[in-house]
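Hi,

Here is the structure I said I would pass on. Have a look when you get a moment, and then read my notes underneath.

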Amino acid sequence: MRKILFIINRKAGTDREKRLEGIIRKYLTPKAFSVEVTHLEYLGHGTDLAKAAVANGTDTVVAVGGDGSINEIAQGLVGSTTALAIIPLGSGNGLARALKIPLKVSRALEVIADGKRKAIDVGYANEHLFLSNAGVGFDALVADQFRHKTKRGLWGYAKLVFQSFSSYKGPSYEISVDGKTIQERAFLLTVANGNQFGYEFKLAPDANVFDGKLDLCVVPPIRLIGLIPVGFYSLMGNIDKTRYMQHFTGETIVVKSNELVHLQVDGDAVPLKENGKVAFRVHPGALQVIVNRS
């Protein structure tokens, strides 16, 4: 019998949780699955629950929530034989979209029941795990501001973007990719493991969580009106073919700047122990994930 633990982010809402638990029991019957459902109670709880699940021989841990919850739970699963599965209930759902996990709960449960697993790469920005992307540019600044907001979602994020844009000049960075060094000014400096931020915005359209590489995306300083083509080409999935972005791939990327003070991983701001430098690296095939067979 396959042992599955569901970890639900309480931001889903109490009524929604009750309905969700009913749907889970419908698709994962007691004859074939041993199912336990629990909830996140504090920051870091997902990692603790995932580590305990690994120790208990759990086959699959299901993250029910957004990219932040998924990241936290994955931290407890990296390097183990316990697989991560996803029911995407976040705003952007970047990793779920990159893995083609259905956004509809019932269909995501069908994928979990099917149980096909595959090992994906994970990235690290200094000591911080990321599954989709990490960045030190304008996205990291906005992520730092966004964490103080009670209202989430695309429109709240967009509002912060426009409020912060005029004062952001785009620092000059020293960038080393597998030992080769370049100097660039950048509005966005993002290192991608998966191919998108979420909402179908693909800054690294060809990034692949199975290729053992990280994709470096450098968007030079732009005017406000430049956000329109950047957004358009990102949605179209071909920004890497335009003049709005430089693209590099590598296994180890080191970024330095006197103006480097913010870091985001999978959309969440995280602290820097030392300002001015972030080292990115990839750990190939480190996380077992339940993937869509189709």
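Below is what I found, going from the cavity to one helix and then to a few loop residues. Keep in mind that this is a predicted model.

Let's start with the empty space. Rolling a probe the size of a water molecule over the atoms shows where empty space is left. In this model, one cavity reaches 30 Å³ or more, and the volume of the largest cavity comes to about 40 Å³. Its lining is made up of N133, T190, A192, N195, Q196, F197, L203 and A204. By residue type, that lining splits into four nonpolar and four polar residues, with no charged ones. If you want to find the spot in your viewer, try selecting F197 and N133, both among the lining residues.

Next, helix α2, which spans residues 45–55. Its buried residues are H45, G46, T47, L49, A50 and A53. What covers them? The cover includes three strands, β1 (2–8), β2 (33–39) and β3 (60–65), as well as helix α3 (67–74). After α2 comes G57, with a positive phi near 75°.

That brings me to backbone angles. Most residues other than glycine have a negative phi, and most peptide bonds are trans. Two non-glycine residues with a positive phi are worth pulling up:

- N126 has a phi near 55°. This residue sits in the loop that links β5 (117–125) to β6 (128–130). Its relative accessible area is 25%, so N126 counts as partly exposed.
- D178 has a phi near 50°. Its place is the loop between β8 (172–177) and β9 (180–185). D178 is also partly exposed, because its relative accessibility is 42%.

Last one: T242, in the loop that runs between α8 (227–236) and β12 (246–250). Is T242 buried or exposed? With a relative accessible area of 18%, T242 falls under the 20% cut-off and so counts as buried. Its side chain has a polar atom 2.8 Å from the backbone oxygen of I239.

If you only have time for a quick look, I'd go to the cavity lined by residues including T190 and L203, then to the T242 side chain and the backbone oxygen of I239.

Cheers

How values were computed:
Residues are numbered from 1 along each chain as its sequence is written. This is a predicted model: local features need pLDDT of at least 70, side-chain atom pairs count only at pLDDT 80 or more; totals for chains, interfaces and linings use all residues. Side-chain values use heavy atoms; hydrogens and water are left out. On a 1 Å grid over the protein atoms alone, a cavity is a set of points where a 1.4 Å probe fits but cannot get out, and a pocket is an open set with protein on both sides within 12 Å along at least five of seven lines; lining residues have an atom within 4 Å of a point. Grid points are joined across faces, edges and corners, and a volume is the space filled by probe spheres set on the points. Ala, Val, Leu, Ile, Met, Phe, Trp, Tyr, Cys and Pro count as nonpolar, Asp, Glu, Lys and Arg as charged, and the others, Gly among them, as polar. Buried means under 20% relative accessible area, exposed over 50%, partly exposed in between (1.4 Å probe, protein chains only). Helices (H or I, at least four residues) and strands (E, at least two) are DSSP runs, numbered from the N terminus. Contact means heavy atoms within 4.5 Å. A polar contact is a pair of N or O atoms within 3.5 Å; within protein, one must be able to donate a hydrogen and the other to accept it, and residues adjacent in sequence count only if both atoms are side-chain atoms.
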